[in-house]
Amino acid sequence: MNSSPISIVLADDEHLIRGALAALLDLEDDFAVVAEVDNGTDALAAAHQHGPTVCVLDLEMPPTDGVDTASNILREIDTHVVMVTRHARPGVLRRALAAGVKGFVPKSTPSEKLAEVIRTVAGGARYVDPEIAASALTGTDCPLSERELDVLRATTEHDTLAQTAQELHLAAGTVRNYVSSAIAKLGVSSRQQAAQKAWEEGWI
């Protein structure tokens with residue numbers, strides 16, 4: 001056993017789950033939960049403050065999602081990330097691994113198993129739940145460009161294309177062209193359907 005405990009930042013917007021998980025992890029002699037937060041912005045701040053060994057992040061929490069939060073944390077801090085999720089969409093695992101996430105498990109994972117995964121990831125190895133890995137293999141390859149994905153992602157947060165264009169610093173006509181291209185590639189009839197399809201596949 002290491003002389004110093006594995007320090008953990010825990011981020012989940014479901015308060016009961018986060019509190020229960022923190023209590024269970026704190027029962028482990030070699031763990032120390034140093035921060036509990038309920039959103040990605042605070043998770044990044046806590047990671048900066050504490051420099052944890054491992055960040056345990058909920059996939060679906062504001063303001064974006066756990067993958068974006070993980071990417072931001074790993075870009076700035078020397079730590080490891082375990083992602084927990086209630087719904088594992090096919091493309092999400094690929095996004096998470098590309099971002100540098102080392103662990104990916106469902107929220108139904110027993111606390112003893114999660115503790116093993118955290119130790120595995122803290123040691124530098126990777127663990128992906130077998131069922132999540134299998135679902136990722138059944139997902140379709142994304143036909144959209146990175147810019148098309150950026151536009152669809154932004155449209156989920158805005159009511160109009162003009163607002164999307166302003167956020168992305170693009171001309172409204174350019175955004176409209178990206179949306180039209182995405183709609184055609186996905187075989188849907190609206191930007192809302194295109195964004196929904198991209199979300200369901202885990203591309204955004």
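In the predicted model, His-169 sits in the loop that links helix H8 (161-168) to H9. The phi angle of His-169 is near 60 degrees, which is a positive value in a residue other than glycine. Most residues other than glycine have a negative phi. With a relative accessibility of 73%, His-169 is classed as exposed, because this value is over the 50% cut-off.

A second backbone feature involves a pair of prolines. The peptide bond that runs from Pro-62 to Pro-63 is cis, and its omega is near 0 degrees. Most peptide bonds are trans. Pro-63 belongs to the loop between strand E3 (54-58) and helix H3 (66-76).

The loop beyond H9 contains Ser-190, which is placed between helix H9 (172-186) and helix H10 (191-200). Ser-190 has a relative accessible area of 19% and is therefore buried, the limit being under 20%. A polar atom of the Ser-190 side chain lies 3.1 Å from the backbone nitrogen of Gln-193. Ser-190 and Ser-180 are 10 residues apart along the chain, and their C-alpha atoms are separated by 8.5 Å.

At the level of the whole chain, the secondary structure consists of 10 helices and 6 strands. The chain has a radius of gyration of 18 Å, which agrees with the value near 17 Å that a compact globule of 204 residues would have. The C-alpha trace spans about 60 × 35 × 30 Å along its principal axes. Of the 204 residues, 44% are buried. When contacts are restricted to residues at least 6 apart in sequence, 65% of them join residues at least 24 apart. The accessible surface of the chain is about 9,900 Å², and carbon and sulfur atoms account for 51% of this area. Charged side chains number 17 positive and 29 negative, and the centres of these two sets are 7 Å apart.

His-80 and Lys-102 form a pair that is separated in sequence but in contact in space. His-80 is part of strand E4 (residues 80-85). Lys-102 is found in the loop between helix H4 (90-99) and strand E5 (103-106). The two residues are 22 residues apart in sequence, and the distance between their C-alpha atoms is 6.6 Å. His-80 counts as buried because its relative accessibility, 19%, is under 20%. Lys-102, by contrast, has a relative accessible area of 23% and is partly exposed. Apart from residues up to four places away in sequence, His-80 touches Lys-102 together with Thr-53, Val-54, Cys-55, Leu-74, Val-121, Ala-122 and Gly-124. With neighbours within four places in sequence likewise set aside, the contacts of Lys-102 are His-80, Val-81, Val-121, Gly-124, Ala-125, Arg-126 and Tyr-127. Val-121 and Gly-124 thus appear in the contact lists of both His-80 and Lys-102.

Towards the N terminus, Arg-18 lies in helix H1 (residues 15-26). The relative accessibility of Arg-18 is 11%, so this residue counts as buried. Outside a range of four places in sequence, Arg-18 makes contact with Leu-10, Asp-12, Asp-13, Glu-36, Val-37 and Asp-38. Among these contacts, Val-37 is 19 residues from Arg-18 in sequence, with 8.4 Å between the two C-alpha atoms.

Ala-134 is located in helix H6 (residues 130-138). A relative accessibility of 39% places Ala-134 in the partly exposed class. Ala-134 and Tyr-178 are 44 residues apart in sequence, and their C-alpha atoms are 31 Å apart in space.

Key
Residues are numbered from 1 along each chain as its sequence is written. This is a predicted model: local features need pLDDT of at least 70, side-chain atom pairs count only at pLDDT 80 or more; totals for chains, interfaces and linings use all residues. Side-chain values use heavy atoms; hydrogens and water are left out. Helices (H or I, at least four residues) and strands (E, at least two) are DSSP runs, numbered from the N terminus. The radius of gyration is taken over C-alpha atoms; the globule rule is 2.2 Å times the number of residues to the power 0.38. Buried means under 20% relative accessible area, exposed over 50%, partly exposed in between (1.4 Å probe, protein chains only). Contact means heavy atoms within 4.5 Å. Accessible areas come from the Shrake-Rupley method with a 1.4 Å probe; for residues, only the protein chains shown count as cover. Lys and Arg count as positive and Asp and Glu as negative; His and the chain ends are not counted. The place of a charge is taken as NZ of Lys, CZ of Arg, CG of Asp or CD of Glu. A polar contact is a pair of N or O atoms within 3.5 Å; within protein, one must be able to donate a hydrogen and the other to accept it, and residues adjacent in sequence count only if both atoms are side-chain atoms.
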